[in-house]
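Me: I have a protein model to go through. Can we take it step by step, with short questions and short replies?

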Amino acid sequence: MSKQIIDAMAMQRALTRITYEIIEKNRGINELVLIGIKTRGVYLAQRIAARLHQLENTEIPVGELDISHYRDDMQLEKPAAKIDIKVDVTNKRVVLVDDVLYTGRTIRAALDAIMDNGRPVNINLAVLVDRGHRELPIRADFVGKNIPTAQNERIKVNVEEIDGFDDVEIDK
């Protein structure tokens with residue numbers, strides 16, 4: 001049974017708030033790079049970049065990161081070459097974007113992949129939903145909404161680009 005917990009307007013407001021918080025924390029957007037974790041994190045990063053462009057009249061590079069080979073819970077062989085995130089992160093201020101923060105393992109894998117691609121000045125984390133249940137000492141710097149969940153519940157983020165509509169649902 002699914003229940004909508006964030007509608008399209010609330011999602012838009014959360015992403016706008018995250019955008020303003022990114023500008024404030026970084027004292028502008030100089031040397032800023034957004035990296036979305038595939039799949040839905042990429043679309044959220046693109047939306048944040050578009051909003052940054054509206055506010056600051058500057059294009060912000062957006063990278064796409066597939067962390068499959070970096071997961072510690074999958075037995076895939078680590079790639080011989082560095083993962084191409086199509087954005088140079090060296091000496092940049094990186095904002096890593098994902099849809100849901102849960103155990104922290106996806107973020108740990110993403111940090112490893114980013115560091116294999118260069119040495120950023122710093123890395124911040126932006127997530128649409130933080131559902132708790134961390135297994136690693138990782139926290140988001142920018143959170144759209146904290147939604148405490150039970151271990152057996154599932155958060156589903158729907159985005160227009162894939163699902164045809166925007167919302168966040170909880171499955172019990």
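Me: What volume does the second largest pocket have?
Reply: Keep in mind that this is a predicted model. The volume is computed from its atoms, as the space filled by probe spheres. For the second largest pocket it comes to about 180 Å³.

Me: Which element gives the most to the lining of that second largest pocket?
Reply: The lining includes Ala8, Met11, Gln12, Arg47 and Ile48. Two helices, α1 (8-25) and α2, each supply at least two residues of it. With six residues, the top contributor is α1.

Me: How many charged residues are in the lining of the second largest pocket?
Reply: Arg47, Arg51 and Asp166 are among the lining residues. Arg and Asp belong to the charged class. Beside five nonpolar and four polar residues, the charged count is three.

Me: What is the space in the largest pocket?
Reply: Its lining has 19 residues. β4, α3 and β7 (154-158) each supply at least two of them. The space inside is about 440 Å³.

Me: Which residues lie nearest the centre of the largest pocket?
Reply: By class, the lining has six nonpolar, four polar and nine charged residues. Five of the 19 lining residues lie nearest the centre. They are Asp99, Val100, Tyr102, Thr106 and Ile155.

Me: Which strands stand at the edges of the five-stranded sheet?
Reply: The sheet is open, with parallel pairing and the order β3-β2-β4-β5-β6. Each edge strand has a single partner, so one side of it is left without a neighbour in the sheet. The edge strands are β3 (62-65) and β6 (142-146).

Me: By what angle are neighbouring strands of this five-stranded sheet turned against each other?
Reply: The order of strands is β3-β2-β4-β5-β6. The angle is an average over neighbours, with direction ignored. It comes to 25°.

Me: Which residue in β6 stands opposite Ala126?
Reply: Strand β5 (residues 122-130) runs parallel to β6, and four bridges join the two. Ala126 falls within the range of β5. Its opposite number in β6 is Phe142.

Me: What angle does the direction of helix α3 make with that of β4?
Reply: Helix α2 (residues 40-56) packs on this sheet, and its direction makes about 150° with that of β2. Helix α3 (residues 105-116) packs on the sheet too, touching β2, β3, β4 and β5. With β4, the direction of α3 makes about 155°.

Me: In the three-stranded sheet, which strands are at the edges?
Reply: This open sheet has the order β1-β8-β7, and its pairing is antiparallel. An edge strand has a single partner, so one of its sides lacks a neighbour in the sheet. The edges are β1 (2-6) and β7.

Me: Which residue in β8 is the bridge partner of Lys156?
Reply: Five bridges join β7 to strand β8 (residues 167-171), and the two run antiparallel. Lys156 falls within the range of β7, residues 154-158. Its partner in β8 is Glu169.

Me: How many residues apart are Lys92 and Glu31?
Reply: Side chains of opposite charge can pair when their charged atoms come close. Lys92 and Glu31 form a salt bridge, with the closest N and O atoms 3.1 Å apart. Lys92 is in the loop between β3 and β4, and Glu31 in the loop between α1 and β2. Along the chain they are 61 residues apart.

Notes. Residues numbered from 1 in each chain as written. Predicted model: local features only at pLDDT ≥ 70, side-chain atom pairs only at ≥ 80, totals over all residues. Heavy atoms only, no water. Pairing = 2+ DSSP bridges. Axes fitted to C-alpha atoms, helices over the stretch in contact; angles between N-to-C directions. Contact = heavy atoms within 4.5 Å. 1 Å grid on protein atoms, 1.4 Å probe; cavity = no way out; pocket = protein on both sides within 12 Å on 5 of 7 lines; lining within 4 Å. Salt bridge = Lys/Arg side-chain N within 4 Å of Asp/Glu carboxyl O.
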